[in-house]
Amino acid sequence: MDNLNNAKKDNFSRKTILVTGAAGFIGSRLIVDLLREGHQVIAALRNAATKKDKLLGFIATEGLVDPSISFVEYDLSRDFKLDSLLADAQAKIHVIYHLAASFNWGISKAEAERTNIKSGLALIEWAATLKQLERFIWIGGYRVAAPPHESADELYCKHGGYEASKILGYQAFIEACKRLNVPWTAINPATVIDGFYNYGDMQYIGVADMIDKLYQGRLLALPG
């Protein structure tokens, strides 16, 4: 059993992994786990020059010294192609975790489509050119997995820019991966719970919002 485990560890260690949305709540913790497993991480984030020191500080608090991580500037509003950004590393990337999204309840339809749909599809198109790519992993959100019955315009009218773009982006992601023969995995967490909010934006959405209101004694009850 030990030999088998060692063989598996050798087979899956030292991958080069690109993570978008690296400075976020999930992304930062994902990076820590990947580094602990011995992978080389490329963290793609907006305003990398100002955010990387804070992210490195968080990584250090997790007991990781001299982590195998590099940073690249990645802005959803304009960086649809990564060839120039990752010219030296793209031949080495084995796995892509795409977490980057524009999280804003008041986002316009045009901006939502550009940042949460078109940018993701462009990333998949680029990923399809990576011959050594083993997996493209899409981190979505809650209530996006079921195919919508409404039109795109109806979704934007009903849910607003952010939620509608996440629903449509998820469906477009699956279709693009199948069309381009990109090996994919989709993860749609219902909520994110962590005991220590020492890095990343603290968000209460869905179940977390309900638990918070219950704890504060502000949870509305339906009349019997």
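A residue counts as buried when its relative accessible area is under 20%. By that rule, helix α6 of this predicted model is mostly covered, with 16 of its 20 residues buried. The helix runs over residues 161–180. At 1.5 Å a residue, a helix of 20 residues should span 28 Å, and the end C-alpha atoms of α6 lie 27 Å apart, which agrees. Just after α6 comes Asn 181, with a positive phi of about 60 degrees.

The cover over α6 can be followed into the nonpolar interior. The largest nonpolar core holds 34 residues. Several elements each supply at least two residues of this core: β2 (40–45), β4 (93–98), α4 (109–127), β5, α5 (152–159) and α6. The largest share, nine residues, comes from α6. Within the core, the residues that touch the most other members are Leu 18, Ile 93, Ile 96, Ile 124, Trp 126, Phe 136 and Phe 173. A second core, separate from this one, has 23 residues, among them Ile 17, Ala 22, Leu 30 and Val 95.

Two residues from that list of contacts, Phe 136 and Phe 173, also lead into the aromatic pairs. A pair of aromatic rings is described by the distance of the centres and the angle of the planes. Across the whole structure there are four aromatic pairs. In one of them, Phe 136 and Phe 173 sit 5.9 Å centre to centre with 35 degrees between their planes, and the pair is tilted. Phe 136 belongs to strand β5 (residues 135–139) and Phe 173 to helix α6, so this pair ties together parts that are 37 residues apart in sequence. Both rings belong to buried residues, Phe 136 and Phe 173 alike.

Phe 173 also pairs with Trp 138. Here the ring centres are 4.6 Å apart and the planes stand at 25 degrees, so the pair is stacked; the cut-off for stacking is an angle under 30 degrees. Trp 138 is in strand β5 and Phe 173 in helix α6, so the contact ties together parts that are 35 residues apart in sequence. Trp 138 and Phe 173 are both buried. Taken with Trp 184, the residues Phe 136, Trp 138 and Phe 173 form one aromatic cluster.

Another ring has a charged residue over its face. Arg 29 lies over Phe 25, at 4.0 Å from the ring centre.

Terms used:
Residues numbered from 1 in each chain as written. Predicted model: local features only at pLDDT ≥ 70, side-chain atom pairs only at ≥ 80, totals over all residues. Heavy atoms only, no water. Phe/Tyr/Trp six-rings, centres within 6.5 Å; stacked < 30°, edge-to-face > 60°. Helix = DSSP H or I, 4+ residues; strand = E, 2+ residues; numbered from the N terminus. Buried < 20%, exposed > 50% of the residue type's maximum accessible area, 1.4 Å probe, protein only. Lys NZ or Arg CZ within 6 Å of the ring centre and 35° of its normal. Expected span 1.5 Å × (residues − 1). Core = buried A, V, L, I, M, F, W, Y, C linked by side-chain atoms within 4.5 Å.
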